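I opened this notebook to keep track of what I looked up, entry by entry, for someone meeting the structure for the first time.

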Amino acid sequence: MCGIIGYVGKSGDAVNIALRGLEQLEYRGYDSAGLVCHGFGSRSKNCRLYKTVGRVENLVKKIGENPQSSCCAIAHTRWATHGVPSVKNAHPHYDCKKEIFLVHNGIIENYEYLKEALQREGHKFVSDTDTEVLTHLIERSKEKYGTLEDAVIDALCYVKGTFALAVISKTEPNKIIASRRSSPLIVGLGKDGYFLASDASALMTHTKKVVYLDDDEVAVLTPESLGFLDLKKNRKNKRVDLIDWDIKTAQKSGFPHFMLKEIHEQPAAIRDSLRGRLIPREAEVKLGGLEVLGDRLKEIERFVIASCGTSYYAGLIGEYIFEKYAGLPVEVDFASEFRYRNPVLNKNTAVLVISQSGETADTLAALRMAKKKGAVALGIVNTVGSSIARETDAGVYNHIGPEIGVASTKAFTSQVAVLALCALFFARLASRQGRGNNLSKAGAGEIIKSLYLLPPQLREVLKSEEHIKRLAKKYNKYNNFLFLGRKFNYPAAMEAALKLKEISYSHAEGYGAGEMKHGPIALIDENFPTIAIVGSPASRVYEKMISNLEEIKARRGPLVAVAEKGDKNISRLADDVIYIPKTQEALNPILAVVPLQLFAYYMAVLRGLDPDKPRNLAKSVTVE
Ligand code: G6P
């Protein structure tokens with residue numbers, strides 16, 4: 001949802017630095033891009049502005065191979081909210097005198113009111129965006145206050161909504177002012193200058209030292225200095241954190257797309273999510289991030305999981321896992337619904353938010369509401385230092401490195417694995433207190449063994465890539481798909497359907513197989529394929545699943561099954577079968593979803609689509 005990058009420093013290479021950073025951030029938005037830089041030297045009062053529609057590569061082409069030397073640049077890749085993608089709506093935006101330039105991520109909610117007031121004062125607007133009001137507000141404040149930081153601080157006091165922004169002014173060469181409210185922005189500390197970015201992946205080639213800006217803080221960056229203020233102009237001391245991501249995790253490393261790379265990273269990602277957290281000898285799980293809560297943990301009697309998109313489907317699987325292992329009541333909701341309900345929460349309820357980015361606006365709002373209502377706020381988050389990670393009372397990191405492909409893959413399987421860890425953790429806790437399901441030590445030991453086996457089993461699943469590619473070729477002519485599953489595999493079917501629609505633009509619906517006869521069966525004929533996650537023959541719902549598939553075959557529906565290795569029944573029914581290894585029923589979605597991620601990927605590629613940048617989608621949705 002819009003990416004921001006900025007650099008100010010002694011190197012004259014600011015334009016290239018900003019462009020390379022923008023390429024890293026492109027997954028956040030790709031309908032237009034723009035850059036503004038100061039002229040070279042500390043006295044130059046010139047600024048050069050470039051804007052293009054479409055991908056960052058268009059901006060790179062426009063600027064050319066030998067960009068002008070500059071010590072200060074800010075740049076932006078846009079995901080449109082107000083105003084169609086066009087050059088005039090692309091950032092950076094500027095004031096009447098074309099003196100102040102600004103890039104922004106977020107939404108200015110009172111922009112119409114502000115725009116009218118500014119227009120009455122004679123300000124001329126050239127775009128349809130909400131962002132442009134910021135430039136004119138700063139212009140007006142600058143006349144009163146003089147310095148750019150004072151003007152930005154004054155202007156921000158009029159603004160309602162969310163923002164991460166970076167501003168430069170022709171009159172103050174080589175200085176960037178930045179601020180945020182509910183949209184991500186971090187400052188990087190390099191050897192010869194300072195950086196700004198929407199997330200850490202854009203900074204990794206330059207520095208691992210970062211400062212996370214908090215809401216309503218202002219950063220003042222020059223080549224020689226870095227300072228922080230609050231909106232009352234008090235100086236603030238900020239902690240410098242170290243990012244522990246490996247640079248390779250933010251590069252394609254020979255894969256044609258990030259999505260394919262991230263699908264293949266799953267064995268390692270799951271291993272990293274489990275690392276150091278399993279104690280097989282004691283059949284225990286160690287989650288230091290939750291243990292910080294001490295006795296408060298014992299008071300938790302109920303869980304509410306709130307999240308969005310793929311993280312929501314992981315949460316739904318979490319509901320089944322928590323109920324099975326820990327015997328605790330769980331409710332799951334879209335964060336966007338939860339935050340507008342009047343949920344009954346108290347100190348015995350834990351609200352568990354799940355978020356890869358840690359910045360999703362609705363999930364963050366759900367978390368804040370939960371805290372206000374006195375619930376224990378827990379998180380499963382991948383991005384260290386993100387807003388959600390910092391605002392939860394306690395939580396568990398996924399530790400899978402950055403996920404760049406817009407369609408989430410490794411984050412999903414890691415989230416399910418971490419949910420299994422959390423369920424085990426609470427199950428053992430409840431068991432020690434004589435509550436819950438009393439999962440036995442032996443039972444917990446079996447689950448731990450199965451968790452350990454996941455990385456090699458995932459490697460085995462990935463070996464069916466060629467088979468899946470062939471299936472994608474065979475089924476590419478269809479534009480509608482039904483995905484079915486039961487129990488743990490019901491949310492997995494919804495997630496697999498989401499993958500297919502996100503990147504191949506096929507219509508796909510995920511359904512609980514038992515519900516099929518209450519509607520979707522009307523769609524089934526020889527032109528409407530079904531993809532079924534069958535589950536293990538040992539499962540209580542296996543026979544039911546088979547009956548549902550019989551009903552599809554009776555209506556001549558093409559059928560692809562994801563089934564357990566050794567299932568002898570399934571090839572009689574399904575036109576095509578993808579076999580996966582046997583695991584605990586609760587962990588089956590982790591293995592089952594991977595071939596369907598590959599299926600979605602190849603469906604998209606065969607259609608000539610870019611799976612890393614599906615139309616209209618953004619990786620991190622920082623607006624409501
Ligand atoms: C967007 C992304 C999805 C993601 C969802 C929630 O829609 O495209 O891949 O699942 O946001 O994001 P989060 O970062 O909170 O997990």
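The entries below go from the ligand to the aromatic rings.

Entry one, the ligand. I kept in mind that this is a predicted model, and I began by asking where the ligand sits. I found the ligand in the largest pocket, and I listed 13 residues around the ligand, of which Ser311, Ser355, Gln356, Ser357 and Thr360 come nearest.

Entry two, polar contacts. I looked up the distances to oxygen atoms of the ligand and noted that a polar side-chain atom of serine 311 lies 2.6 Å from one, while for glutamine 356 a backbone N or O atom lies 2.7 Å from one. For threonine 360, I found an N or O atom of the side chain at 2.5 Å from an oxygen atom of the ligand. I then looked up the area and noted that the ligand taken alone exposes 380 Å², of which the protein buries 91%.

Entry three, aromatic rings. I searched the whole structure for aromatic pairs and recorded 13 of them. One of these joins tyrosine 475 and tyrosine 478, with 6.0 Å from centre to centre and 35° between the planes, and I noted the pair as tilted. Are these two tyrosines, 475 and 478, buried or exposed? I found that tyrosine 475 is buried and that tyrosine 478 is buried as well. I also wrote down one aromatic cluster, formed by Phe303, Phe322, Phe425 and Phe426.

Entry four, charges over rings. I noted lysine 98 over the face of tyrosine 94, at 4.6 Å from the ring centre, and arginine 615 over the face of tyrosine 505, at 4.0 Å from the ring centre.

Technical notes:
Residues are numbered from 1 along each chain as its sequence is written. This is a predicted model: local features need pLDDT of at least 70, side-chain atom pairs count only at pLDDT 80 or more; totals for chains, interfaces and linings use all residues. Side-chain values use heavy atoms; hydrogens and water are left out. Rings of Phe, Tyr and Trp (its six-membered ring) pair if their centres lie within 6.5 Å; planes under 30 degrees apart count as stacked, over 60 as edge-to-face and the rest as tilted. Buried means under 20% relative accessible area, exposed over 50%, partly exposed in between (1.4 Å probe, protein chains only). A charge sits over a ring if NZ of Lys or CZ of Arg is within 6 Å of the ring centre and within 35 degrees of the ring normal. A residue is near a molecule or strand if one of its heavy atoms lies within 4 Å of it. A polar contact is a pair of N or O atoms within 3.5 Å; within protein, one must be able to donate a hydrogen and the other to accept it, and residues adjacent in sequence count only if both atoms are side-chain atoms. Accessible areas come from the Shrake-Rupley method with a 1.4 Å probe; for residues, only the protein chains shown count as cover. On a 1 Å grid over the protein atoms alone, a cavity is a set of points where a 1.4 Å probe fits but cannot get out, and a pocket is an open set with protein on both sides within 12 Å along at least five of seven lines; lining residues have an atom within 4 Å of a point. A molecule sits in a cavity or pocket if more than half of its atoms lie within 2 Å of its grid points.
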